[in-house]
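Please read the following note alongside the sequence and the three-dimensional view. Each numbered point takes up one topic.

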Amino acid sequence: MENQEQQKAPELGVSDLLNVRTLLDVAIKRGTFAPNELSSVGAVYDKLNTFLNAVAPQVQDQKSQESAE
């Protein structure tokens, strides 16, 4: 049993990505990044935000199906 737990693949879920987006929001508002870094940070943020907005309906549907069972 211990061996199975050690071999479990790392997971990264939508909730983790939502947390990353929140962290980026806070870091940007606090001025963590230098002005010359903001375009790259913004590009990553936009890409992440687009992905999260695209999967949000799927996640909501999945949660609805799980609660119905």
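The points below go from confidence and overall layout to individual residues.

1. Confidence. The model is predicted. Its chain has a mean pLDDT of 86, with 88% of residues reaching 70 or more. Confidence is not even along the chain: helix H1, residues 2-6, has the lowest mean, at 61, whereas helix H2, residues 14-29, has the highest, at 94. Where pLDDT is low, predicted coordinates should not be read in detail.

2. Overall layout. How many helices and strands does the chain have? There are three helices and zero strands, and the pattern along the sequence is therefore written α-α-α.

3. Surface and interior. The chain comprises 69 residues, of which 13% are buried. Its exposed area is about 5900 Å², and carbon and sulfur atoms supply 53% of that area.

4. The largest nonpolar core. Which residues form this core? Its six members are Leu-17, Leu-24, Val-41, Tyr-45, Leu-48 and Leu-52. Two elements, H2 and helix H3 (38-68), each give two or more residues to the core. H3 gives the most, with four residues.

5. Leu-17. This core member lies in helix H2. Is Leu-17 buried or exposed? Leu-17 counts as buried because its relative accessibility is 18%, and the cut-off for a buried residue is under 20%. Setting aside residues up to four places away in sequence, Leu-17 touches Leu-12, Leu-48, Phe-51 and Leu-52. Of these contacts, Leu-52 deserves attention: Leu-17 and Leu-52 are 35 residues apart along the chain, yet 7.6 Å separates their C-alpha atoms.

6. Tyr-45. Another member of the core is Tyr-45. When residues up to four places away in sequence are not counted, Tyr-45 touches Arg-21, Leu-24 and Asp-25. Leu-24 also belongs to the core, and Arg-21 is taken up in the next point.

7. Arg-21. This residue is located in helix H2. Arg-21 is buried but has no salt bridge. Why is a salt bridge absent here? The nearest side chain of opposite charge, that of Asp-25, is 5.3 Å away, whereas a salt bridge requires a side-chain nitrogen of Lys or Arg within 4 Å of a carboxyl oxygen of Asp or Glu. With residues up to four places away in sequence left out, Arg-21 touches Tyr-45, Leu-48, Asn-49, Leu-52 and Asn-53. Among these, Tyr-45, Leu-48 and Leu-52 are members of the core.

8. The salt bridge. The structure holds one salt bridge. Which side chains meet in it? They are those of Glu-11 and Lys-8, with an N to O distance of 3.7 Å. Glu-11 is exposed because its relative accessible area is 64%. Lys-8 is likewise exposed, with a relative accessible area of 57%; the cut-off for an exposed residue is over 50%.

9. Ala-27. This residue is also placed in helix H2. Ala-27 has a relative accessibility of 15% and so counts as buried. Apart from its neighbours within four places in sequence, Ala-27 is in contact with Thr-32 and Phe-33.

10. Points to retain. H2 and H3 each give two or more residues to the largest nonpolar core. Arg-21 is buried without a salt bridge, whereas Glu-11 and Lys-8 meet in one. Any reading of H1 should take account of its mean pLDDT of 61.

Methods:
Residues are numbered from 1 along each chain as its sequence is written. This is a predicted model: local features need pLDDT of at least 70, side-chain atom pairs count only at pLDDT 80 or more; totals for chains, interfaces and linings use all residues. Side-chain values use heavy atoms; hydrogens and water are left out. pLDDT is the predictor's confidence in each residue, from 0 to 100. A nonpolar core is a set of buried Ala, Val, Leu, Ile, Met, Phe, Trp, Tyr and Cys residues joined through side-chain atoms within 4.5 Å. Buried means under 20% relative accessible area, exposed over 50%, partly exposed in between (1.4 Å probe, protein chains only). Contact means heavy atoms within 4.5 Å. Accessible areas come from the Shrake-Rupley method with a 1.4 Å probe; for residues, only the protein chains shown count as cover. Lys and Arg count as positive and Asp and Glu as negative; His and the chain ends are not counted.
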